[in-house]
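Take a look at the sequence and the model below. We will visit a few residues one by one, then step back to the whole chain.

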Amino acid sequence: MIVRFGYVAMSTVVKNASPSKTMTFKSFGKLADREAALRKLEHVAAENLHNTLRLLKHNRAYNIQVYRFSSKLIPLATHGELADWDPFPALQNDFAAIGDYVKRHEMRVSFHPDHFTVLSTPRPEVLESSIRDLEHHVRMLDAMGLSARAKNNIHVGGAYGDKKSAGERFKANVTALPDKLKERLTFENDDKTFNTPETLELCEQLGIPMVLDIHHQWVNNEGEDPADLWPRILKTWQSPYAQAGSDPEDPLPPKIHASSPKSPSDSRSHADHVEAGPLLDFLRKIAPYTERVDVMLEAKLKDGALFALMEDLGFYSSEGVRVIDEASVEIAP
């Protein structure tokens, strides 16, 4: 099984390359000239996109093929008071440069819209803003010229005192979405509410691929071994929505999220690094029937944690782990 590792948004290795520089609406409102304020927002966004391209080039240098974009590329992009502002024409070339680089080097990229993007909500105004946020993320991927292989990963959301009703509401709201949004979606189990079996059942019913977060599963479960559910999770990656935009000869591999608990007393928070042992234990269990898997590391040290994990995995060379390059390994079945 080929395993590729990636990281989230920020680099702790490349200095002064934040893709998430922002401006608050309060600061925006203090600028008397609104048009000048909008141009300033676009300038900040262009800098974020420039730094994103820098990070992609850094990733390429180290053979990191899996990367999650920051959702904060365009400050205040979905703010209700700026509904008349369209930043995309001014940023067209910046987005295109990122997309061209991703396609040229066959990278796997994604977004993870923020926690306020909730499709299980009972509140119409929250649902409306959630859909608007998904549309914004899809528009960014479209501006990059990327196919539906580039996904937006979200959690199911809150239970609001009645998890069964929340799940049914989630299904209805997802079903009502246009295909251009659904074909870019993946759903992830969370650490407090919708666990792995519950999220998997929703994915199966909706035809949406599931991203298994093994850390979340460790702290929120029904006693199941995640490896026992993997055959079903793997099957969700064969659905039409999962493979939208993919070449049948090059199907999109399943993806998992991996991190380690910060401490025994704070088991839900992410540690700086990822422990190799527990992750490798899971990967070995699924290796006999999984050709490829991509692993998004959600450690605090970002790419620094990736490099440290790869160094640790090198010590397992006599135990069926072959290091391919700086960011991928092969695990013997």
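Begin with Thr117. This residue is buried, with a relative accessible area of 5%. The cut-off for that word is under 20%, so Thr117 qualifies. Bear in mind that the model is predicted.

Where does Thr117 sit? Its place is in the loop between strand E3 and helix H4. Strand E3 covers residues 108-111, and helix H4 covers 124-143. The side chain of Thr117 has a polar partner: a contact of 2.6 Å joins it to the side chain of Asp133. Leaving aside residues up to four places away in sequence, Thr117 touches Ser130, Asp133, Leu134 and Ile154. Asp133 thus appears in both accounts, as a polar partner and as a touching residue.

Move on to Gln217. This residue lies in a helix, H8, which runs over residues 214-219. Is Gln217 buried or exposed? Gln217 is buried, because its relative accessible area is 2% and the cut-off is under 20%. Its side chain makes a polar contact of 3.0 Å with the side chain of Glu224. Glu224 is also among the residues that Gln217 touches, again not counting those up to four places away in sequence. The others on that list are Asn189, Thr196, Leu212 and Pro226.

Next comes Pro253. Look for this residue in the loop between helix H9 (226-236) and strand E7 (255-258). Pro253 counts as buried, at 4% relative accessibility. Which residues does Pro253 touch, not counting those up to four places away in sequence? They are Arg4, Arg108, Trp237, Arg292, Val293 and Asp294. Compare its position with that of Gln243. The two are 10 residues apart in sequence, and their C-alpha atoms are 9.2 Å apart in space.

Now step back to the whole protein chain. It has 11 helices and 12 strands. Its radius of gyration is 20 Å, close to the 20 Å that the globule rule gives for 333 residues, so the chain is as compact as a globular protein of that length. Along its principal axes, the C-alpha trace spans about 65 × 45 × 45 Å.

Buried residues make up 53% of the 333 residues. Consider the contacts with a separation of 6 or more: 77% of them join residues 24 or more positions apart.

Finish at the surface and the charges. The accessible surface of the chain comes to about 14,700 Å², and carbon and sulfur atoms account for 51% of it. The chain carries 40 positive and 48 negative charges, and their mean positions are 4 Å apart.

Conventions. Residues numbered from 1 in each chain as written. Predicted model: local features only at pLDDT ≥ 70, side-chain atom pairs only at ≥ 80, totals over all residues. Heavy atoms only, no water. Helix = DSSP H or I, 4+ residues; strand = E, 2+ residues; numbered from the N terminus. Buried < 20%, exposed > 50% of the residue type's maximum accessible area, 1.4 Å probe, protein only. Polar contact = N/O pair within 3.5 Å; in protein donor to acceptor, adjacent residues only side chain to side chain. Contact = heavy atoms within 4.5 Å. Rg over C-alpha atoms; globule rule 2.2 N^0.38 Å. Areas by Shrake-Rupley, 256 points an atom, 1.4 Å probe, with all protein chains shown as cover. Lys, Arg positive; Asp, Glu negative; His and termini not counted. Charge placed at Lys NZ, Arg CZ, Asp CG, Glu CD.
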